[in-house]
Every structure is written in C-alpha cells, then in structure tokens.
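Take a look at the model below. This report covers a helix, a sheet and the meeting of two chains.

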Amino acid sequence: MIEVKNITKSFGDLTVLKNFTVNFKEEGVTVILGPSGTGKSTLLRCINGLENIDSGDILVDGLSVNDKKNLRHIRLNCGMVFQQTVLFPHLDVMHNMTVSPIKLLKLSKKEAEERAEFYLNKVGLISKKKSRHNELSGGEQQRIAIARALMMNPKALLLDEVTSALDPEMSSEVLNILEKLAADGVCMLAVTHEMSFAKKVASRILFLDKGSLVCDEPVERFFRETRNENERISRFLNFIGE
Amino acid sequence: MYTLSFDFLRQYYPMLLQGAGVTLLLTVCSLALGFLLGIIVAIMRRSSSKIFRAIGAVWVEVLRNTPFLVQLFFFYYGLPELGINTNPILTGIIALSVNISAANCEVIRSGLMAVKNGYYECAYALGYSKFQTLRYFILPISLRIAFRPLTNNFINLVLNSSATFSITIVELMGSAKIISAYTSRPFEIYIIILVGYCIFTFVLSFISKYVDKRIAINL
C-alpha cells in the first residue's frame, strides 16, 4: 500500500532521511523506533505529503506524493494524528468530527453524525460531543483526534508520537484506544517511545538511526534477538529502560 | 448670557433623522465592503507570491499614510475622470471602504499570524486544499481572534463618515450644517450631533462586546 522508494530529505545542511526505502502493507501495526532526530516523524510527514522530499518517491496506492494532484487522495487514505493535538477551537467535538466527512467525502450531516457517534462511542467520549477543545483533557483531545482521523475511513493511520505530550494516565487512555483499534484490524504506522505498546500491539518494528533504516523485523524477533545482535539498538533500548 | 434653545428641533428633526439614516447606510455598506477588502488584502499580504505581498503592502501604506479627506476627494473627482460616474453616496461608500480596508487588513493579518501552524497542517493532513483550509478553519479562527480590534476600526469608520458631507452627502454632519445655517443655532445642533455619534458608537461597541463574548475562543 505504501512504498517508500529511496527517499532523501534534508532541512538545510541536515540530512534527516538518507536513501530510505521501506514498504508497508495494508495490515497490522508497524512501530517506528529510534532516537530523537533520526527522521521518524519526518518519514510520516513525507508519506502524508506535509514535507516535500528531495529525491526518491513515495507511492500510496500507486500514487506518487511528488505529484500534488495526488495529495488529497493520499491524505484521505492516510489519516494522521500529531503529537500536539489539534482540535479546531471554533468547533465543538461533534463539528470537529463531522466537518471533514461532510466537506470532503460529501456525506450528509445525518450520516456524518451517525458515523461520529459510532467513533465517539469507540473512544469512550460520546458524552463530550458538545464540548469544546478547552473543556477536554489532553488524553481526551487525543482520543477525539484519533476518532476524527478514523471518520475519513483511511486505509492507514499515521501516528506521530501521539502520547508523548501526555502524562502516564492520559497516555494509557490513548494507548488503550489504539490497542482496541489494532484488535479491530486498523492498519497503523506509529512513531512512539511506548515500548509496552510496541510489544503488545505491533507486528513489525522499524528502527531508524541517523536517517537510515537499521532494522526491519517482526516484533518478537526485534525484542528477543535483534536487540542482542545490534549494539546501537541494544544501547537505545537499555537507555530507555527496556 | 447665551440661552440654550432646542425649539428648532420640532421643525428640523425629520432632516436630522434622514441624516442619521444616511450615516447608517454609509456605515453599514462600508463596514461590509471594507471588511471583505480587508480580508482579501490580508490574505495577499500573507501570500507566498511576492507580487501579491507587494500589492498588499503598497495598498496599506498608501491608505494609512494619506488623510481620509484627500482619499475622499481623490475618488470624488477621480472616478468621473476615469469614466466611472457614481453618485456621492456610492463614492462615499467606496472611499470609506477602501480607507478602512487598510486598517482591517493589518488587524486580520495579525489574526492570521496568531493561528498556530498546527491548524494548517492538521487541515492539510485531513485532505483539505489550501483554499479550503483558509475558508473553513484559518479565517474563522483568525477573525475570532481579530474581532475586538476590528470593532475599533468600525467605530473609526462611523466617525470618519462625517467627512463625507464635504462631497455633498447630507449625512448626520451634513444635515447639522444645513440646520445650523437655517436656524443660527450651531451650538445646540452640534451638541445633538455629538450625542448622536456617541449613541452610534456606543451601540456598535455594545453589539461588538456581545458578539465577541459569543464567538470568543481559547487557543
């Protein structure tokens, strides 16, 4: 579904991704690990077309992100949730959920509201449908942001450190939702430092270092064997207390 | 000792009301047109195109650095020279709208700049185009941020509308001048006009406070 072909991305003199190649199928949860500044978030942003790539190509459903005409299709198919939750402040939760399906998918208001209620139930926040963003906790906002991304029926969810701005309690609220979604078969690409989530939910781990792919392994092998075989990975996991 | 007398009002109050009606018309039309122009110029000033940014900057600088009366005469005498025949009221509305658009532009531009980049990215990531992002999210947010300072511009617009009597528009100030000439009671009539403008601006201020409370957002 997503083919990342030999991409390079730099910010000024800093090369964040170097000749990076990887493929994602339309199934399972892939967790992207690595130290800060190694290009994990940039990879997700490049897939979603939020960053222009310097060379190479990314195909989503066979459509290139380099062609601006494809961006809407790509973005509708790859829902993205950011580290800092962004609920539009002039809209309540229900409108935040329904505005995009109505404007972009041309759903009727009734259909959009029914779909919103389904997903709000799924994230356990149906009671907050009339609330504004400043009446919600960080964890609740992030759960709404996930539900809002799901409203567009994306083929994959790109999750960019969605719990890193939250305290442990709120993080666990969000991770529980993501576990449920994974159990429902939602395809996810998640940049995270939550190792327990990776172990429990991921089917595949990518480890990035200095803009390159260091390893691409099934989760069991990564935590059982690769960490002992690769000094860099071992150092990283030891450092974060794994 | 001068004795105040408002007896002339019985005869001339219809003229005053008519003048107030013209002031209201000038203000409401210029407010709407100046608001739209302000949005357009603010977007031009935030554009990635150097040409649009330059046009926007020249628009604002020229209008903010020239007296309104000069702009008013420029339109009053200039438009017919360009073959555009308008009546004084339309000319007044154009001049007031163009004048206030510069101030509106700067307030709206500051509102646009106050909107976090995350809102743009979030909308793009959801699949919205640049125009849709601006239309559905960025402008509604930035206009809410900018609403209070915009109301100051609207009050200035009401006050500036008094200058349009100089191009033969019989608005509140113009009607006062005529009544003053007829009655030789300038002091009384200008007291009434002062109160009239105060009422206009107080009402506008009250409405804007009410609207601001309803649309205010916490970013």
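The model is predicted. Start with helix α8 of chain A, which spans residues 219-229. Three of its residues, Phe222(A), Thr226(A) and Arg227(A), are buried. They lie on the same side of α8(A), because they cover an arc of only 100 degrees around the axis. A general rule helps here. An α-helix has 3.6 residues a turn, so residues three or four places apart point the same way. Now turn to the other side of α8(A). Arg224(A), Glu225(A) and Asn228(A) are exposed there.

What covers the buried residues of α8(A)? The cover includes two strands of chain A, β9 (204-209) and β10 (212-218). It also includes helix α9 (231-239) of chain A.

Both of those strands belong to a sheet. Six strands of chain A form this open sheet, in the order β6-β7-β8-β3-β9-β10. Its pairing is mixed. Strands β6 (78-81) and β10 of chain A stand at the edges. Each has a single partner strand, so one side of each is left without a neighbour in the sheet. From one strand to the next, the twist averages 15 degrees.

Strand β3 of chain A covers residues 29-33. How many of its residues are buried? The count is 5 of 5, so to speak of β3(A) as mostly covered is fair. Both faces are covered. Val29(A), Val31(A) and Leu33(A) are buried on one side. Thr30(A) and Ile32(A) are buried on the other.

β3(A) has a partner in β8 (residues 188-191) of chain A, and the two pair in the parallel sense over 4 bridges. β3(A) also pairs with β9(A), again in the parallel sense and over 4 bridges. The table lists some residues that stand opposite each other.

| Residue in β3(A) | Opposite residue | Strand of the opposite residue |
|---|---|---|
| Thr30(A) | Arg204(A) | β9(A) |
| Val31(A) | Ala190(A) | β8(A) |
| Ile32(A) | Val191(A) | β8(A) |

Next comes the meeting of the chains. Here 18 residues of chain B are in contact with 18 residues of chain A. Which helices of chain B supply at least two residues each to the side that touches chain A? They include α5 (117-126) and α6 (130-160) of chain B. α5(B) gives the most, with 7 residues. The residues on this side of chain B divide into 12 nonpolar, 4 polar and 2 charged.

How values were computed:
Residues numbered from 1 in each chain as written. Chains lettered and ligands numbered in written order. Predicted model: local features only at pLDDT ≥ 70, side-chain atom pairs only at ≥ 80, totals over all residues. Buried ≥ 20, exposed ≤ 12 C-beta atoms within 10 Å, placed from the backbone. Arc of directions from axis to C-beta. Contact = placed C-beta atoms within 7 Å. Nonpolar A, V, L, I, M, F, W, Y, C, P; charged D, E, K, R; others polar. Pairing = 2+ DSSP bridges. Axes fitted to C-alpha atoms, helices over the stretch in contact; angles between N-to-C directions.
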